[in-house]
Each structure stands twice: as structure tokens, then as C-alpha cells.
Amino acid sequence: NATLRKNVLFTKQYDEPWYKRVLEACALSQDLEILPGGDQTEIGEKGINLSGGQKQRVSLARAVYNDADIYYLDDPLSAVDAHVGKHLFEEVIGPKGVLKKKTRILVTHRISVLPEVDTIVVLQNGKVSEIGSYSELLAKKGAFADFLIQYLQENAEEAVEEMPLDELNLMQEIAATIGVPPEVTRQLSKLSDGTDSDTASPAKSERSPSVIGSEDGLRKRAKSWKESYHRRASKKSVVEKPKTGTRLTEKEGMEVGSVKASVYVDYMKSYGYWNTFWTILSYTLSTAFSLGSSLWLSAWSADATDPVISADTKLRDLRLGVYGGLGGGEIVFTIVTALLMNLACLRASTILHNDMLNHIMHAPMSFFDTTPLGRLLNRFSKDIDTADVTIRFNIRMLLIMSFRTLGAVLIICLETPIFIVAAIPLGILYYFLQKFYIPTSRQLKRLESTTRSPVYSHFSETVTGATCIRAFRADQQFMTHSNNLVDINNESYYPSLGASRWLAIYLEFLGYTVVFLAALFAILARDTLSPGIAGLSVSYALQMTGQLNMLVRATADVETNIVSVERCLEYTKTPVEADWKNEKNKPDPSWPSDGHIKFEQYATRYREGLELVLKGISCNINPSERCGIVGRTGAGKSSLTLALFRIVEAAGGKILIDGVEIAKLGLHDLRSKLTIIPQDPVLFTGTMRTNLDPFGSYSDDALWLALEQAHLKDFVRSLETGLDHEISEGGENLSVGQRQLVCLARALLRKSRVLVLDEATAAVDVETDELIQSTIRTKFTDCTVLTIAHRLNTIMDYDKVIVLSKGEIVEMDSPENLLKNENSIFYSMAKDAGLV
């Protein structure tokens, strides 16, 4: 979560010529022109405002800039399109790239790079089956040649999908060298018809990187992933941010000055007005019983001066009974206040937490793009803990000390009225002392709370990126940075302790002044005061020292720690999405029955005050039609699908699905009727069953049928606990392909009429890809399918293609018709990708 430049430099010093050369080689120079702040643009947590391809290129640039001796490259070409992948290989990895004098171990599924390498290591079933140069392994006609033959058969059959010319030439060359079935040769000939054959094969004179290829890797599609600009925040970094802006996450807000009265009122609402009344009443009665018992004891002690009264056993029993009753009353109400306060404070913090959680769970996506995880963790951990425990203790101490101090002042003033003359200036001194201390303490608390968030964020990032940190040997730098963040946090905590000790010294001095004055006035009035009353007055004065200290400290602590409530309340006022359900506009249970989508002059922006990302979109997608959405970076293709789910709301126009305007529906009613299979599969901690059917809406038979159709049934049956198999965080105990198949099974269960695909099969091998495509073709025939196309070859057989540019539809027709027009944007995109 730093600038793009810092992400590339990592722990190295800035060397401008080398830095610029690395950016150029890693194809990042053009991205700097798009990003609002160039290389000073802040990268959000986990690269949220970069596309998949940009993240991979930044990661490659970091490795190249590090200038190591040995490079292990785990498929760095996977998330970039064909021409960018070719550029990266030629400028970075290949024999003429910036790493030409380094040892490179490359895992890849691009067969076009194989002739360029020194050595190929073939892995089969976890063992090395062959090692040799490209020509040697072809001549051997062993496992490597078998992989290539299978690869050729699987790819040549896909006549509907164009492929880059260099790979087509290489496939024909491989076919001629190792010999393939006649039908494959004929198919390759058909594919080469109409293509420009003047382009020579890549030069083979110099070689240097080594390639490790696994069976799955070699069988993956030659057509690699188009740059993944599906992330909502990518559009923000490209479109919505002001040109001068470099920051994605703004500095955490911090209030200044006194805590607003509205904070106390809101907390009191959560505490409960009746609870407040009964609490005050219970403390009043408890204090009254305490004062009564003290006065009664004082009167009882005066009886000793009269021998007749002291010998009266009936009076003694009365004194004892009343004193016991007063003590018992104090005990009862003390217990009542403790129970009442604990339960009411717990209720207040529960309401506060649930309200905050409710707002965060319904916050728009833009909130999470600009709010680091550390801030949320800070609010839900330390601040809620303060509201749960600390505030309860502070308020209890404040009420106890307020009533005790008030009682003590009353007793002293009743017995020695002259004390009032001294009490007024002392009270003023206490007030000003408190007013001087509280602002300092309160602001230090705010600073401490604000500086704690970066500690959480850094820790979270460090755990997530531990492998990268270790690989670059940056352990010490990250530990040092973590310690610095903790030091910054403690810079606020240490002065607060110092201020607390300063307060203690002044309060002790004033306290002893009260004791001195009470004793002095008792001596001066010795002729009129009984010994019991004089003793009671001095006794209460002695107690007042500690009580006044605790009162001022409790007052300060309440205002200091109410800052945590203030911070929690801040997140209960964050903007939220539209209503989850709208009873006035509830769609028919069978809606949508056809899947007819219509955009009418639709426009949207990500936040108020920002430019429109979609401008006057009008199009008609017929029922059961397959429609591809393409466009260059920042064109708005992801915004179109975000608009369907109302992740972003309309700024103008409307979207109709089967004649129903989606803006009038509740979000749950809308989103539950649409299905998306994302490029990055999302799984949650829990069982396989809860990941497939989180709401328990389907029977086990339906789950097994969906798994069978998604080609996961055999795998799940092989697991010891079957559907109850535990999925780890993020689905880490499943492969990427298996995670994607689980997402497909989810979609099969829902069977909604509208299906959105975001290059859903890019992460799986060819065989699994074919199974998924077959499932989508057979099981979703009655669905309207919208595909954000990062690889143009995936939509060549679609009914319709929508080409977006700068938030507007510039072309819309069938792929065949668009390719006939050499002046079309679609044709130029296909040409850039090496498809025509």
C-alpha cells in the first residue's frame, strides 16, 4: 500500500536510468501515462486499483530492478495478452532482454518461447522425465513430443478461435518435425488460410532461459489471458480520480476539540433513557444510605459523652438496628447499580457494534477501495474493546466519585458552614485544572487511536506478502518499519502517561489543602462542635483528597475514552447502498423469465463530483443471446457489469431486465436473480456445502448434480468428509482450477436467466476448460450470457459484441461483421492481439 515507484524499488535505492529502463522493458511506461499521478500514484491494498496484468508487470519490474543473479519466474506471462507477453519475453526474459546475463528458470505455457531457451526440463507426475534443448527433445519424440502432439490436437480443433501468427507458424513447424495425425495437419492448414505468412519465425541463434514445463502447463491454451481490468477499482484509478491525484486512500480523519454533545446523546440512546434514569436513581439512593449511616454513626458516637444514654440498651439496639438497615440499603443499591450499569453498558456497546457492522456490510464498494483494512480492524477491535470494557469502568467511577464527593462536601459544609467560603475557590481551581488537562489527554488519545491503524495495516500486509518479503530478503526492513510504526503509536501514549502524572501531583496538592482547611475550621469551631461531628468532618476531608483526584481523573478518562465511541459512531454514519429489500416494488418470483436486458441512455459515475464513466449507453441484449463486452483500458466494460448488479448507481437513464427497471428493486431481489463467475474465484472458510449453498436452500441431491455437471463430483467423493470437507481461508487447500469449478457449480445451482462471465476459465488447463465451456453451452442455453472479454478469441462465436470506448458504445455487431471492417476498433484490437 505505497506508490507504484516504491512497489518497484521495494528496498533498493532509486537509480533513475535503471528504473526507467526497467519500466520500459516491463511495458509499464504506457500505464504511467494512464495513471493519474504517474509512478507516484498510490497502489491500494493488495493492488486493488491495478489490473491483473498490471500487478504481474509491477511484480516482474520489482524482481528485475532488484538485479539478482538467479531468477525464478513462475509464469509471469499468464495475466497479460499476447503482444504484451511477447514484449516482456523479448525485452526482459529472452536472449536479448535485460536479464540476458542472468540465470532464469521460467515456468510457462507459451509454446512460442520454447525455441528461444537453452534447456527444457519436462516434469511428469512430480518427476523429471526429460532434459534437453528444444531440438533435442523434439528429435527424441518422447514425453515432450507427446505433450506437443496432444497440445496441437486440442488447439487445432478450435477452428473458431484465432491464434497469434507466430504460434501458428511454430505449431506448423512442430507438426512437420514430430509428425502428427493428418487431420491435425489439415486443420492447421485451414487456420493458416488468409493469414500473413511473410512473418519469419523467431530467431533461434541466441538462447538463454531454461523452461520447466509440467504436463498441465504445456496443455494450457496458447491464447493467454487478456489484461484483467475487471476490478472495479481499476476503473477508478483510470477514470474517476482527478488527474492531479496520487492518493487512493485518504489520511484517516481525526476530530479536534471537545467531543460533541451529540456523541454523548447517541451513546445515551444506546445505553437507554430508562436505564440512565434508574442508574442515577440507584446511585442517589446508595449515596443517601451511605451518608445516613455516617451521620447516624456520628450521632451514636456522641452518646458516649452521656453515661445515662450510653447505658440505655434499648437505644443501643435501636442505633444498631438503624445502622445495620442503612448499611444493608447501601449494599442493595450498590449491587443494583453495578448490575444495571454492566448490563446497560453491554447493551450500548452491542448496539454500537451491530450498527457499525450493519453499515460496513452495506457500504458501497468504493468505501472498501479507499479504506485500508487496518482502519476497520482498529475500529472493530481496540475501539469496540474500549466501548465494551473501559468506558463502563470510567462511567462507573465518574458516578461513584461524583456522588461521594458531593456527599463529602455536604457533610463538611453542614458541620462547618465556613468551609463553603474556601470550597468555592477550590472548586474553581479544580475546574480549571481539569479543563487544562482534558484537551491534551483527549487529543493524545485520538492520536494514539489514529496511529494504531497503520500498525494493523502493515502487519496484515506483511503476513499476506511474507513469501515476497522473504524472497527479496527484506525481513529486517519490514521488522524495522513495523517497530517504527509501533514507536509512532507509543509517541502518543507516553506523553499521556506524563500528563496523567502531572495531574496527579496538582490534585494531591489541592487535596491536602482541603484536609488542612477542614482541620483548621474544626479547631476554630471546637467550642460549638461535638467530637463526633468534628471527626466526621475531618474524616470526610481526608477521603475527599482521593475522591477529588479520582473524580477529575474519571471525568478526563470518560472524555478521553469516549473518543472510541466517537470513532465507532463515525462508521455508523457512513453512506450505505440502496435498500436491501423494497416491498413496494417486489418482482414476481419467476422474474426474470426471459433474460432480456435493455440499456436506455444509461450513465453512471463512481462517486458524486466525478466524471461519468458510462455516457448515454443504449443497447438491447435479446433473451438467450451471448454477448461479449470488449474495450481498451478504461473503456468502461467492467462498469457496465457493475451497473447490472447496482454496485454503482445510475446517474442518468435506466436498465431494464424483462421490462422491470432494476433501480426500483431492492438490491437483494436484484442480485439474487443474477449470477457472476469471476476471474478470481472467491471461496469462504467453511465446508464445501456452505460454499456451494450458503443459505441451505438446496438438497444434497441437487448439490451432487451441480458438482457432477461442474466435473467436481469425483474429486469431492474422494474427500474423506465429502460435502463437509473444510475449505481453508480463501480456498487455499484447493487449486485455482478447482476453485473456479466450485464457482461454476454455484452458478449451476442458481440457474438464473442472466449469467455474467469474467474470463472464468483462464486459470484452468485446456481439458478442464473444454469441459466448462461444454457445460456453459449445454446447461446455460436458455440464459443470457454477458462476457467481459480479456481474450478476444473467447467471444469469436458469440451472437453479439459490444465495443466500448471512453464510456460509450462505439461498435455493436456480430464478430464476423466487425472483423470485415478493417477500420473498426474491434479489428484493430484483434490485430494488436495478433489474431488477424
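Q: What makes the 4 strands β7-β6-β9-β10 a sheet, and in which sense do they pair?
A: Two strands pair if DSSP finds at least two bridges between them. In this predicted model, the 4 strands form an open sheet in the order β7-β6-β9-β10, with antiparallel pairing. Strands here are DSSP runs of E, at least two residues long, and helices are runs of H or I with at least four, both numbered from the N terminus. Local features need pLDDT of at least 70, side-chain atom pairs count only at pLDDT 80 or more, and totals for chains, interfaces and linings use all residues. Residues are numbered from 1 along each chain as its sequence is written, and side-chain values use heavy atoms, leaving out hydrogens and water.

Q: How do you know that β6 and β9 pair?
A: Count the bridges: β6 (residues 597-604) and β9 (residues 650-657) have 6 of them, in the antiparallel sense. The cut-off is at least two, so they count as a pair. Look for I597, which stands opposite I657 in β9.

Q: What makes β7 and β10 the edge strands?
A: Each of them, β7 (614-621) and β10 (660-661), pairs on one side only.

Q: How do you know that helix α22 packs on the sheet?
A: Helix α22 (residues 637-644) touches β6, β7 and β9, where contact means heavy atoms within 4.5 Å. Its direction makes about 110° with that of β6.

Q: Why is α12 called roughly perpendicular to α15?
A: The axes of α12 (residues 261-271) and α15 (residues 313-361) come within 7 Å and cross at roughly 115°. That makes the two roughly perpendicular, because the label covers 65 to 115 degrees (under 35 is roughly parallel, over 145 roughly antiparallel, the rest oblique). The axes are lines fitted to C-alpha atoms, for helices over the stretch in contact, and angles run from 0 to 180 degrees between N-to-C directions.

Q: Which residues make the contact between α12 and α15?
A: On α12 they are Y267, K269, S270 and Y271, and on α15 they include L340, M341 and R347.

Q: Why is T560 called buried?
A: T560 has 8% relative accessibility. Buried means under 20% relative accessible area, exposed over 50% and partly exposed in between (1.4 Å probe, protein chains only), so T560 counts as buried. This residue sits in helix α21 (residues 531-571). Leaving aside neighbours within four places in sequence, T560 is in contact with S441, R442 and K445. Across the chain, 51% of the 836 residues count as buried.
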